[in-house]
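Hi,

Here is the structure I said I would pass on. Have a look at it first, and my notes follow below.

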Amino acid sequence: MNKLRLLAALVCSALAVLVTLTSSASAQPTTGSIEGRIQNVTRGDYLNNVRVTIEGTNLTALTNEYGEYQIANVPAGEAKVTAFYTGLPSVSATVQISVGQRAVKDFEMKGAAPSDVVQLAAFTVSSSREMSQASLATNEQRFAPNIKTVLSADEFGEQSENNVAEFLKLMPSVSIDYVEQDARNVSLRGMPAHSTIVTANGNQLASAASGGANRVFEFEQVSINEIARIEVNKSLMPDMPAEGIGGTINLISKSAFERSRPEVRYRTYLNFNTRAMDLGKTPGPYREERYKVRPSFDFTYINPISRNFGFTVSGASSHKFNPQYFADPTWNLNRNSATREENPYMSGFLMLDAPKITLRANGRVSFDWRFAPRDVVTIGYSQQYYRAEIGNRRWTLQTGTTPTTITPDYVQGRVSQGTVGFTNSMNDKSGTTWTPDFKYTHNGPIWKIEAGGA
């Protein structure tokens with residue numbers, strides 16, 4: 001009996017060893033991984049949402065906002081890797097994948113230079129900076145998980161006042177609410193302006209309403225020169241505020257890790273109205289005389305010092321004068337109730353002179369730090385300032401409902417009814433918005449984490 005037990009124990013031990021050896025053999029890895037970074041060498045930008053695929057497999061990945069991609073479980077051996085980006089020619093390369101090892105393959109995608117010409121059947125299309133920016137925005141829309149419109153801040157050229165709302169008016173499904181000549185509020189898809197949520201890098205922006213306590217966001221204290229691109233989301237995602245039933249507008253700030261080399265942009269210009277082109281001081285809008293031709297400037301400096309650290313500095317100051325005057329007559333048809341004949345006359349006249357001087361200034365500094373191979377922290381600080389000075393002079397004339405004399409070129413009102421009035425007021429609106437913000441991203445082979453606040 002003891003011999004049978006001993007034999008059974010030996011057989012069980014042999015089977016256990018055999019199972020262990022089989023499991024160890026089957027657990028041996030037969031795949032590797034590949035990662036890299038993709039840039040547009042023509043512009044020096046790292047490309048977001050480039051689709052990277054392994055030929056002959058269903059393995060695919062999209063690059064992050066810094067142009068980085070990684071694909072795990074790639075079969076060992078030679079692998080043909082292809083990178084696709086809307087608006088640029090696809091690029092491919094053969095990469096040797098070793099078992100359990102990580103291969104690195106960077107791609108350089110090249111767009112047409114500004115002087116290049118692309119022949120498309122009977123059409124000739126020349127490339128420019130705007131064409132490259134359009135490709136960037138179109139590519140983001142192609143791979144977006146929701147319905148949204150993406151435009152680069154360079155898409156429509158320079159904005160003279162750095163007003164984001166003036167840029168948004170050129171996008172579909174967007175309606176702008178103007179106060180005099182200033183684009184102030186935005187509504188999406190026909191919904192009221194208070195149902196549009198405005199965020200910067202995913203964080204909701206602060207706004208002080210002019211006309212009372214409400215949720216309307218006003219764009220007076222936001223400048224476009226520190227923004228890389230703008231997303232208009234027409235359908236909400238789970239991480240978006242529920243009160244944004246009209247949609248959300250997300251402003252994405254410029255980042256050093258989106259560039260492969262330093263870049264400096266700057267400009268200076270004059271803002272003036274053709275009806276006030278005197279270089280010296282002239283009266284209005286307040287008691288003292290003011291300059292009506294006003295200088296402005298903006299600049300952006302982006303420096304990716306290394307793969308692991310970079311910074312961005314931007315600033316702008318925009319001065320503008322607008323005369324804002326008009327005349328508005330009121331006419332009375334003076335119809336004869338019996339004959340239905342009309343003998344119209346001017347029953348009222350309004351003349352308004354409301355010169356306005358505005359100052360919009362902003363500055364931003366941000367730092368990007370890669371403290372681990374797959375972990376990036378971005379810390380930024382923005383300060384926005386806006387001031388509007390308005391002088392209102394209103395002159396009104398009313399003849400009354402029953403003038404004593406009416407001729408084709410003369411109307412005499414009744415003393416008890418006719419009025420002449422003059423009112424005058426001064427308005428001063430100003431505000432400053434401070435926005436510190438941070439963002440943390442982890443782009444690992446298993447977990448992708450994004451966190452931030454402002």
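Let me start with one ion pair. K169 and E166 form a salt bridge, with 2.8 Å between the closest N and O atoms. Keep in mind throughout that this is a predicted model. The two partners sit differently with respect to solvent: K169 is partly exposed, at 40% relative accessibility, whereas E166 is buried, with a relative accessible area of 17%. E166 gets that label because its value falls under the 20% cut-off.

Next, a pair that ties together distant parts of the chain. E218 and K429 meet through their side chains in a salt bridge, 3.1 Å from N to O. They are 211 residues apart: E218 belongs to the loop between β16 (203-204) and β17 (227-233), and K429 to strand β30, residues 419-443. Here E218 is the buried partner, at 9% relative accessibility, while K429 counts as partly exposed with a relative accessible area of 25%.

There is also a network to look at. R43, D45, R259, E263 and R265 are joined into one by salt bridges that share partners.

Another long-range link is the salt bridge between R374 and E35, where the closest N and O atoms are 3.0 Å apart. This pair spans 339 residues, from E35 in strand β1 (residues 31-40) to R374 in the loop between β26 (356-372) and β27 (375-398). R374 is partly exposed, its relative accessible area being 24%. E35 comes out at 17% and is therefore buried, since the limit is 20%.

So much for individual pairs; what about the totals? How many salt bridges does the structure hold? The count is 24.

On secondary structure, the chain has 31 strands and three helices. Of its 454 residues, 44% are buried. For the contacts with a separation of 6 or more, 64% are between residues 24 or more positions apart. As for the surface, the chain exposes about 24600 Å², and 57% of that comes from carbon and sulfur atoms.

If you only have a minute, I would go to the two long-range pairs, R374 with E35 and E218 with K429, and then to the network around R43, D45, R259, E263 and R265.

Cheers

Definitions and conventions. Residues numbered from 1 in each chain as written. Predicted model: local features only at pLDDT ≥ 70, side-chain atom pairs only at ≥ 80, totals over all residues. Heavy atoms only, no water. Helix = DSSP H or I, 4+ residues; strand = E, 2+ residues; numbered from the N terminus. Buried < 20%, exposed > 50% of the residue type's maximum accessible area, 1.4 Å probe, protein only. Contact = heavy atoms within 4.5 Å. Areas by Shrake-Rupley, 256 points an atom, 1.4 Å probe, with all protein chains shown as cover. Salt bridge = Lys/Arg side-chain N within 4 Å of Asp/Glu carboxyl O.
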